[in-house]
Amino acid sequence: MALEAQAIAASDAELGVAPSSSQRGMLRRAGEVFVENRLAMVGLGFIVFIVLFCFVGPHIYVTNQVDTDLDNSLCGPSAQHLFGCNELGYDQLGRLMIGGQTSLEVGLAAALVSVVVGTLYGAISGFAGGFVDSVMMRIVDAGLSLPSLMVIMILSVIFHPTPTVIIFIIAVFYWFGVARLVRGETLALRNREYVQAVKVIGGRPLRSVLRHIVPNAIGTIIVQATFAVADSILTLSVLGFLTLGVAPPSTDWGSMLSGGLTYIQGANYWWLIYPPGVLIILTCISFNFIGDALRDAFETRLQRR
Amino acid sequence: MVGFLIRRTGQAIFVLFLVTLATLLLVHLFPGGPVRAMLGERATPSQIAYYNKLYGFDQPLYVQYLKWVNQLIHGNLGFSNHLNQSVTSLIAQCLPRTVVLVLLGTIVSLLFGIPLGVYQAVHRNSASDYALTAISFLGYSTPTFFLGIILVDWFSVDVHIFPPFAPQGTTVLSILGDPKALVLPVFTYAFLLYALWSRYMRSSVLDNLVQDYVRTARAKGASERRVIWVHVFRNSLISIVTLLGLSIPGLVGGAILIEVVFNYPGMGLAFYSAALNVDYEVLLGFTVLATVATIIGNLAADIGYAVLDPRVRY
């Protein structure tokens, strides 16, 4: 009995501590490879810049984004309004900042929600195996065969979303793909000795999933999360463009573009279209650079590209 | 092989069941129920009750589900009170136009994406590889509609080379008869897909280049051109087949945005106006159609994969 307890304590120590220390080693190695990738560092630098721009910027470049100012409707760039004004007289540069807050917040939150849900679902499905796995994966198949943009549009029509609701509307579709990837990873991990050992010493399945499978699939998960941020920002901008996104007075880069499109003919109101569009592209490309570099760093093999 | 076909088809049917169930549940998510969405905000409770009974929304869910599936099997996708037209006839009207757009865009993107992807893999880490990679990243990160808008701004507003609208003809022939108007929409569509194919092709060729059969081919004295274009290319192409099947939802989504930007009267534009008018019969009918197309596409891709690759035997 005592011997058994000792064995459990020993294996627990080994199982609990050993993976987490090798984990740290893996993360450090990945970090070193990542830092060497110049494109990724440029991407990271831009993300830092854009976060400062959106969240600190409004405190430095103070604009009124609440009251309309029709005297300045569509006015061009000037000393007072560096990037001009939109049709309602809102300062465009200030609007880029608060629109960016929505885009970044929704993008990050949607990515977080879908990656957490997808990871747990995929890990449980793969770990359970057999019939349970089969049914759980058919649900994922069903989700992946729904045309996501169409259903996201329908959900937006139904819920007239606030930013918080949009996070879930976007995440509802994104987690399926994550679940499939993590499940694949889990299938490879579940037969490893240290996962088998947990079962042998009587550890509950949840412990295997949370302590051993998820930490060892962390490379795939982080990479996927980075791409998810880029994709969520794009999806939000699409909804904004279709005027199905966040309701006024909130705005995001996509909604700003949609407003600018009305004035594309006739006079050249470039400041209505190019700044938000370029910011969307640069932000997404930065996240994609980072994701790509992280994947090289973790040497995970993903199907995405 | 027969066992695989049966199992795979069985899976597809189960997925169909889940998807039709999900779309039925979606109807009930509309605030105040589907009838409220149809009659509008000011419908009285008695009107709602009347129409709920008329359309059978007061019956238990499984009865509604069986009715819904029965409808679908008979090709009845519902009736749009807003357009005073059955959804099936709306589809018959719009689908050919969207198919023209999707096919042209996909073909153009494959024509560029596949050869350039192979080129990138063969010349990996060269300057041209980096340049093409940058273009693909741009494709991944550019919102479809933004690309459409700036192309219109450049080529229709600033320089009058192409019209800002897609062809407005009603028949496939009249659309194809207006190639100038097709250039911008098809290019926009193709550019975004190009990124997908070229990246995928590049990594697929890279994977194949280190396989044993490549070494064997080289050892036999096959020329480098033959190794790449006969041996590696054909094997890499197989995985594109699967990707094509998997990307149908993306193709559909892309078509919606292109049609809205270029005002092209296909399925996407009809779906968008249905969304703005809360015309739920059209919304659901189109969604079910796109989903079924995806499931069939995936099934076809899996079977095609098994046929093309003799190593895959389920």
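The following legends describe close-up views of a predicted model.

**View 1. The second largest pocket and its lining.** This pocket holds about 580 Å³ of space. A pocket is an open set of points on a 1 Å grid over the protein atoms alone, where a 1.4 Å probe fits, with protein on both sides within 12 Å along at least five of seven lines. Its 29 lining residues (an atom within 4 Å of a point) include A:T243, A:V246, A:A247, A:P248 and A:S255, which lie nearest the centre. Two or more lining residues come from each of α4 (92-128), α6 (148-159) and α11 (253-261) of chain A and α13 (267-276) of chain B. The largest contribution, five residues, is that of α11(A).

**View 2. Helix α4 (residues 61-73) of chain B.** Helices are DSSP runs (H or I, at least four residues), numbered from the N terminus. From first to last C-alpha, the 13 residues of α4(B) reach 18 Å, close to the 18 Å expected at 1.5 Å a residue (1.5 Å times one less than the number of residues). Just after α4(B), B:G75 takes a positive phi of about 75 degrees.

**View 3. The two faces of α4(B).** B:Q64, B:Y65, B:W68 and B:L72 are buried (under 20% relative accessible area, 1.4 Å probe, protein chains only). Because they cover an arc of only 100 degrees around the axis (directions from the axis to the C-beta atoms), they lie on the same side of α4(B). The face turned away from that side carries B:Y62, B:L66 and B:I73, which are exposed (over 50%).

Residues are numbered from 1 along each chain as its sequence is written, and chains are lettered from A in the order in which they are written. Local features need pLDDT of at least 70, side-chain atom pairs count only at pLDDT 80 or more, and totals for chains, interfaces and linings use all residues, while side-chain values use heavy atoms, without hydrogens and water.

Notes
Points joined across faces, edges and corners; volume = space filled by probe spheres on them.
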